[in-house]
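Trainee: Could you take me closely through a single part of this protein, the open sheet and the helix that lies across it? I would like one connected account rather than a list.

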Amino acid sequence: MNTTKLLLLLLSISFIGYSQKRGNKNDSKIKPRAEFVADLLSKMTLDEKLGQLNLPTSGDITTGAASSSDVAKKIEEGKVGGLFNIKSVQKIKEVQRIAVEKSRLKIPLIFGMDVIHGYETTFPIPLGLSCTWDMNLIERSAQIAAQEASADGINWTFSPMVDISRDPRWGRISEGSGEDPYLGSQIAQAMVRGYQGNDLSKNNTILSCVKHFALYGAPEAGRDYNTVDMSKIRMYNDYFPPYKAAVDAGVGSVMASFNEVDGVPATGNKWLMTDVLRKQWAFKGFVVTDFTGINEMVDHGMGDLQTVSALALNAGVEMDMVGEGFLTTLKKSIDEKKVSIAQIDNAVRLILEAKYDLGLFHDPYRYCDIKRSKTDIYTTSNRNEARNTAAQSLVLLKNQNQVLPLKKSGTIALIGPLADAKENMSGTWSVATKLENSISLLSGVKTVAGNSATILYAKGSNLDYDAAFEERATMFGKTLHRDHRSDQELLAEALKIANQADVIVAALGESAELSGESSSRTNLEIPKAQKDLLNELVKTGKPVVLVLFDGRPLVLVEENQKVPAILNAWFAGSEAGLAIADVLFGDENPSGKLTTTFPRSVGQIPIYYSTKNTGRPLGNKEGKFEKFKSNYIDERNEPLFPFGYGLSYTNFSYSNLMISSPKMTKNETIKVSVEVTNTGNFDGKEVVQLYIRDIVGSVTRPLKELKDFKKIALKKGEKQTLTFEITVDKLKFYNSDLNFVAEPGLFEVFIGKDSTTNNKISFELIN
């Protein structure tokens, strides 16, 4: 070999080594995914393969100390596939450097976080976000969350949570999109699009993980982690659709749920993870457990850690979150032929493919741009979008005598434990939010009212009389700063300023962590201390506006009887105070519509709009008791506030409901139109909702099902004709054989402002 050739060879080897050290950042000729992953997989030892299936939590590694952390040694040994809940680009870059510069094969890590409803710029809790009924806003909220999280080193989010829930006792109802499978499916797809965009390798998109698969929102007694038991026909028609919608939208990963499905925990349920997810829905990504989901199958009674780890892998689970059952037991299971190398190779392949799609093999530091971390997070632009979205998530439940909007003049008394509680405004699952930056209602009201109104404030009461209850409800730094004055002193101060005011705004309800994971409740009323405060405020004779903070539907019968105006604010995010004030003063007209039914009593639960008839339906619409009919002795059947309900400062009328044809075949499309007019004195937005009833079926069918909706903006006096298309797909359902069919017969179409509308027209589906 001559000197020139030798020099070129040495330079080539030097460049390749540098490229490998830098994670192939400068190698534009990296192999196609399938070839690249197969080649890498062939070089891996069994220990390294099992390492890719291991997802521990890092804890909060201090910058500069990553290499000495407990997890660093495992990363260097190739025993970690990813980490979660580590925050900041500097820390993530340090940890990634260990993986790509010190481990044998230099495989980059994936970094996940619960980016649920925003990153540092926090949007309303998902239940509130769903009440916008605006898919563009919802998609944009996920897009902003992805931009901010990716700027801080995160490339994987455990969101969206799409569990259908019809039981508000369950705390995690706050984290989903409500009770309806059609609306939930639309939101699932919008969120996946927002997070993943159209190119996962871009450094401002992140991998989405739909959860919790499956049925997690239907636990017995509304108690978190509890048993779920339902028929397959209900699974397919009511609970599966949002998960499938996310898969159809291309979601990159799926998280298993804690509950059992047909007697087998979801984490080890092969029918669920392989037959449904892989074979029926053609999911191509990877499945991760929830936190210690594999280990928890031991307590379910499925066997020891080795047994349940093998069960999970055989079911179709690829990554083990925290439990390390895969890491510590699968070798033995291979020796005992309880699992195969081929199964492990397939799991590793799916995880490596996700990392490839994220561009991590091209550049493991693509999400570690320190400049972006300083310019792309919690920006003025993002905060403005969060404020606008939050305003549209609020639901006006009552506005007797047009108490709202408030005037920016006179004296306003702002009273209640949630009035000056900025730490609670972001709501549950806001792990990246800097709570100190959130805008309280008091601050927002003062800002929006300006100098022309006098704002008086008093706390009035604590969250509840019981200090221990309040402590349980204000975890993770979301304190309400309990006031240790006597209850009488707090009330006296509140009444003193109330009597000086023209109008009282009572900021009451739940604290942020009174809903969310492991926050199930049996009593869904406002805590007693606050109810007592509200009753005393009403007695002053001054008009009272209840601004209600909650993460679930509450029982508000008493409040609805006594208080002239109720604005449901959910937990509206980091800009909550400003957004709520925008609505209170009429700078924004409320347009939110409920996506969950508000019961009159806990005894009605589960309660939802798309119920079926019984053989003995109640024969009157006044709620009068009838013996031997399907009703209660002590309560009406209907809810306090139905699905789809929400008022505006203006009024909308519906007229001229028309259909293009009274008959359609399965190959045809018919059109239904309606005229909507803004008949009030304000410009406003309306969610026009279309429901369909299948009159006769081979199995019993719901009285109504949401099948379409449109959110429109109308100026006062303006009218608009809306047209909806009905195709055969809108008429299909899963029958008793789990075939997805549309059966010929008569159908009714309802169009109106909520699920109680009786504005209907009929057509017939013919063969």
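Mentor: Strand 15 (residues 544-549) and strand 16 (residues 565-568) run parallel and are joined by four bridges; within this pairing, L546 has I566 of strand 16 as its bridge partner. Both strands belong to an open sheet of six strands, whose order is 11-16-15-14-12-13 and whose pairing is mixed. At its edges are strand 11 (395-399) and strand 13 (453-458), each of which pairs on one side only, and from one strand to the next the twist averages 20 degrees.

All of this is read from a predicted model, for which the pLDDT averages 95 over the protein, with 95% of the residues scoring at least 70. A stretch that calls for caution is residues 1-27, where pLDDT stays under 50 and for which the model has 26 contacts beyond four places in sequence.

Across the sheet lies helix 21 (residues 528-539), which covers strand 12 (410-415), strand 14 (503-509) and strand 15 in the sense of lying across them, and which runs at about 170 degrees to strand 14. Its length can be checked: at 1.5 Å a residue, twelve residues should span 16 Å, and because the end C-alpha atoms of helix 21 are 17 Å apart, the two values agree.

The buried residues of helix 21 are A529, Q530, K531, L533, L534, N535 and L537, a list that holds polar names such as Q530 and N535 beside leucines. An α-helix has 3.6 residues a turn, so residues three or four places apart point the same way. What covers the buried residues of helix 21 includes three strands of the sheet, namely strand 12, strand 14 and strand 15, together with helix 20 (487-498) and helix 22 (557-562). After helix 21 comes G541, with a positive phi near 85 degrees.

One further detail of the backbone belongs to this region, in the loop between strand 11 and strand 12, where P405 is found: the peptide bond from L404 to P405 is cis, with omega near 5 degrees. Most peptide bonds are trans. A cis bond is also present outside the sheet, between K211 and H212, with omega about -10 degrees, and H212 is found in strand 5 (residues 207-213).

Key
Residues are numbered from 1 along each chain as its sequence is written. This is a predicted model: local features need pLDDT of at least 70, side-chain atom pairs count only at pLDDT 80 or more; totals for chains, interfaces and linings use all residues. Side-chain values use heavy atoms; hydrogens and water are left out. Two strands pair if DSSP finds at least two bridges between them. Helices (H or I, at least four residues) and strands (E, at least two) are DSSP runs, numbered from the N terminus. Axes are lines fitted to C-alpha atoms, for helices over the stretch in contact, and angles run from 0 to 180 degrees between N-to-C directions. Contact means heavy atoms within 4.5 Å. The expected span of a helix is 1.5 Å times one less than its number of residues. Buried means under 20% relative accessible area, exposed over 50%, partly exposed in between (1.4 Å probe, protein chains only). pLDDT is the predictor's confidence in each residue, from 0 to 100.
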